[in-house]
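The exercises below are meant to be worked through with the sequence and the model side by side. Please attempt each task before reading its solution.

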Amino acid sequence: MTHIKAGRLMDSATSQSLSLKLGNEGRTTNIVAAEGTPAAMPAANPCVCMAAREAGGVVLGKAAEKLFSLSGLFAVYKPKGPTSAGVLNLLKERLLAEAGVRTNGNKRNQVLKIGHGGTLDSAAEGVLVIGIGKGTKMLGSMLAGSKKYTAIGLLGKATDTLDATGKVTEEKPYDQITKGDLENVLQKFTGDIMQVPPLYSALKKDGERLSTLMKRGEAVEAKPARPVRVYSLSLQQFQPPLFTLDVECGGGFYVRSLVSDIGKELSTCATMQELTRTKHGPFTLEEHALHEDKWTIDEIAQSLEHCTSLLPGEPSHKKLKTEHPGETAVSCEDK
């Protein structure tokens, strides 16, 4: 049985703070209720509720209790503009605000355990898989899983970022390229191939992202080519200089690099203009991705219930909608 010992308790007319320590893990969490609301703590665990009452605290409201019981995987829609981390932080803020919970400023001890399963570039849009509660432990498999994209490429121009956000570094003629030429080239980029990641990327050197080093003007060497997998690649539209591709690939694949490499193979250059992730694992943009107006506790609970059926075959995927009351985590950290 988990031994829970009540620690510091602060009470005032406008806010309440309760610090609890999990004796078997030595972790402490501080949870503060927003003004005019009860002190928020994950009290689905009966032991936690008892400790709070003994310490004179106030247990969770229904919304907060439901939030802290959520566990599993679901998907949201990431629009163009914000980073994937920015979308995740906004989602977390919305949920905590709805539940009437705010942190006490200790960033080492986050109140809500939540993370995403694969970065989308700021300029890209589409499916972003989210893990909450025990679902964060499943995000590693999502990173390695298959993804589908629709990409629009532009022939005749290259940029330093390999997409429309960068500076033009090269221009070449493209009038000689036919639809047949492009379709024939695509066959060379299907299956198990080697790919050089872009310099502007989340890959790291000495603990810092390559993109950060590039923006500071530091000299950065390209990472060596690495094996990636392309399950399918097809040309959907060709209206020079624009062309539209549908791509299904494995983890670690950069569509920006693909578009650039296609341009080189055609004896010209190319850069990616738009990118949409239409599917990540079993989660599709059309059916599963929650838009911002659906970022509520109830909507996410329903999505978790629906998405549980998408993840068959693994015992750890069972009963993902909610945790057992006796397993509710008090102290949680971001992954």
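The exercises that follow concern a predicted model, and each one is followed by a worked solution.

**Exercise 1. Two packings of one helix**

Task: Determine how α2 and α8 are oriented to each other, and which residues make the contact.

Solution. Begin with the geometry: helix α2 covers residues 62–69 and helix α8 covers residues 297–308, and the two pack at an angle of about 30 degrees with their axes 10 Å apart. Angles under 35 degrees count as roughly parallel, and α2 and α8 are therefore roughly parallel to each other. The crossing of these two helices is left-handed. On the side of α2, the contact is made by A63, K66 and L67, and on the side of α8 by I297, D298 and A301. Sorted by class, the contact of α2 with α8 has four nonpolar and two charged residues, and no polar ones.

Task: Describe the packing of α2 and α3 in terms of angle, distance between axes and contact residues.

Solution. Helix α3 spans residues 84–99, and it packs with α2 at an angle of about 145 degrees, the axes being 7 Å apart. The residues in contact are A63, A64 and L67 of α2 together with L95, L96, E98 and A99 of α3. By class, the contact of α2 with α3 has six nonpolar residues, one charged residue and no polar residue.

**Exercise 2. Helix α7 and its surroundings**

Task: Establish whether α7 is mostly covered or mostly open, and name what covers its buried residues.

Solution. First, count the buried positions: eight of the eleven residues of α7 are buried, and the helix is mostly covered. The buried residues are V255, R256, S257, L258, V259, S260, I262 and G263. Next, look at the neighbours: the elements that cover these residues include β8 (147–155), α5 (179–186), β11 (191–195), β14, β15 and β16.

Finally, compare the annotation. UniProt, in an unreviewed entry, places the feature "domain: tRNA pseudouridylate synthase B C-terminal" at residues 256–291. In the model this span is 28% helix and 42% strand, and its end C-alpha atoms lie 25 Å apart.

**Exercise 3. Backbone features in loops**

Task: Locate L162 and S267, and decide for each whether it is buried or exposed.

Solution. Recall that most residues other than glycine have a negative phi, and most peptide bonds are trans. L162, found in the loop between β9 (157–159) and β10 (168–171), has a positive phi near 70 degrees. Its relative accessibility is 18%, so L162 counts as buried, the cut-off being under 20%. S267 takes a positive phi of about 60 degrees just after α7, in the loop between α7 (255–265) and β16 (270–280). With 57% relative accessibility, S267 counts as exposed.

Task: Identify the form of the peptide bond from P240 to P241, and place P241 in the chain.

Solution. The bond from P240 to P241 is cis, with omega near 10 degrees. P241 lies in the loop between β14 (226–239) and β15 (242–249).

**Exercise 4. The surroundings of D163**

Task: State where D163 lies, and which residues D163 touches beyond its sequence neighbours.

Solution. D163 is in the loop between β9 and β10. Its relative accessibility is 7%, so D163 counts as buried. Leaving aside residues up to four places away in sequence, D163 touches R256, T271 and M272. The C-alpha atoms of D163 and S260 are separated by 8.9 Å, although these residues are 97 residues apart along the chain.

Note on methods
Residues are numbered from 1 along each chain as its sequence is written. This is a predicted model: local features need pLDDT of at least 70, side-chain atom pairs count only at pLDDT 80 or more; totals for chains, interfaces and linings use all residues. Side-chain values use heavy atoms; hydrogens and water are left out. UniProt positions are given in the numbering used here, feature names are shortened, and annotations may be inferred rather than shown by experiment. Helices (H or I, at least four residues) and strands (E, at least two) are DSSP runs, numbered from the N terminus. Axes are lines fitted to C-alpha atoms, for helices over the stretch in contact, and angles run from 0 to 180 degrees between N-to-C directions. Angles under 35 degrees count as roughly parallel, over 145 as roughly antiparallel, 65 to 115 as roughly perpendicular and the rest as oblique. A crossing is left-handed if the near helix is turned anticlockwise from the far one by less than a right angle, and right-handed if clockwise. Contact means heavy atoms within 4.5 Å. Ala, Val, Leu, Ile, Met, Phe, Trp, Tyr, Cys and Pro count as nonpolar, Asp, Glu, Lys and Arg as charged, and the others, Gly among them, as polar. Buried means under 20% relative accessible area, exposed over 50%, partly exposed in between (1.4 Å probe, protein chains only).
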